[in-house]
Amino acid sequence: MLRPTGRPAVTIDASSTRYLVVADLHVGYELELSSKGIRVPPHEERVARELVRLGEETGSQVLVLLGDVKHRVAGYSWRDAIGVRKLVGMVRSSFEEVLVLPGNHDGGIVELLAGLARIEDSRGIKIGDYWLMHGHTWPHPGCLSAKAIVIGHTHPTLRVRSEDGTVRTRVHILIEGKRSRLAKELASRPGYSQLVEGQRRRGRIRLVVLAHFSPLAPGVDVLELRGSTGTSPLLRSGAFDLLEGEVLTLDAQPIGKVGEIRAEAAEG
């Protein structure tokens, strides 16, 4: 079972184990801000403390990092290495295991986290009824056996207006799609057609897009997701209709469908 936490994270219960799942830590993003003249202190200790506290509050045994653990895309600097190893080292003793599903920013992550975390296939793994992956690439066809696919990568946010102005808040998105349509899309990928054979094709499958955990990394407004080149191929393909996606608060309260929010924004 997947449960919200009220934070940009969810838990999944499977085989008597509770997994705490978060995406997009982007350790080292402050270095990019510094290059633009914005001084921000390293935030890996703050993020590590939040993860430890959240693990304790939810009673989670395993921490799953859905990619983009670090921010630099290609390789890493000595400062990246220190930050990433410091964060994972700080949380490691609070969990039985740390699993990493590499994202597009995680070049060199296998070497960086040697001895600290188990690195899984970037195309995803199945935990209970859920297929977990970062989301920047196509999943392995094994995802068709899951109830839902859980990804990060997208950084969904929503502009909220109040008397004090407009702020952006992190949100989750829940979208339903046809399993047969996803199977068709996967079968068209190079080398995937035979892997799709024999996989489940009937019924509906859900896509859960998690909010980013990093307190510094920017988000993408739900009004701009459809045309964004950085959006997951699962969203770009049409296998899941983004406009029918339900935008949720971090404690899973429904805000409205993406299409409805866009229509209201156009009228305003």
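**Burial, strand pairing, cores and a pocket in a predicted model**

Me: In this predicted model, why is Thr11 called buried?

Reply: Thr11 has a relative accessible area of 3%, and buried means under 20%; therefore Thr11 counts as buried. Thr11 belongs to strand E2 (residues 10-14).

Me: Which residues is Thr11 in contact with, leaving aside its neighbours within four places in sequence?

Reply: With those neighbours left aside, the contacts of Thr11 include Met1, Leu2, Arg3 and Thr5, as well as Arg18, Tyr19, Leu20, Thr58 and Ser60. A contact requires heavy atoms within 4.5 Å.

Me: Why is strand E3 described as largely enclosed by the rest of the structure?

Reply: Strand E3 spans residues 17-22, and five of its six residues are buried, so the description follows.

Me: How do you know that E2 and E3 pair, and in what sense do they run?

Reply: Pairing requires at least two bridges. Five bridges join E2 to E3, and the two strands run antiparallel; the criterion is therefore met. Asp13 has Arg18 of E3 as its bridge partner. The hairpin of E2 and E3 has two residues between the strands, and Ser15 takes a positive phi near 50° there.

Me: What makes E3 and E4 a pair?

Reply: Four bridges link E3 with strand E4 (residues 62-65), in the parallel sense. As at least two are required, the strands pair. Tyr19 stands opposite Val62 of E4.

Me: What makes up the largest nonpolar core?

Reply: This core holds 30 residues, of which Ile149, Leu182, Leu186, Leu207, Leu234 and Phe240 touch the most other members. Among the elements giving two or more residues to this core are strand E9 (148-151), helix H5 (179-187) and helix H8 (258-267). A second, separate core has 27 residues, including Val27, Leu87, Val98 and Val100. In soluble globular proteins, nonpolar side chains tend to be buried together.

Me: Which residues line the largest pocket nearest its centre, and what is the volume of this pocket?

Reply: The largest pocket has a volume of about 270 Å³. Its lining has 14 residues, and those nearest its centre are Leu2, Leu174, Arg206, Val208 and Leu248. Strand E1 (2-4), E12 and E13 each give two or more residues to the lining, and the largest share, three residues, comes from E12.

Me: How do the residues of this lining divide into nonpolar, polar and charged?

Reply: Eleven residues of the lining are nonpolar, one is polar and two are charged. Arg206 is one of the residues nearest the centre of the pocket, and Arg counts as charged.

How values were computed:
Residues numbered from 1 in each chain as written. Predicted model: local features only at pLDDT ≥ 70, side-chain atom pairs only at ≥ 80, totals over all residues. Heavy atoms only, no water. Buried < 20%, exposed > 50% of the residue type's maximum accessible area, 1.4 Å probe, protein only. Core = buried A, V, L, I, M, F, W, Y, C linked by side-chain atoms within 4.5 Å. 1 Å grid on protein atoms, 1.4 Å probe; cavity = no way out; pocket = protein on both sides within 12 Å on 5 of 7 lines; lining within 4 Å. Points joined across faces, edges and corners; volume = space filled by probe spheres on them.
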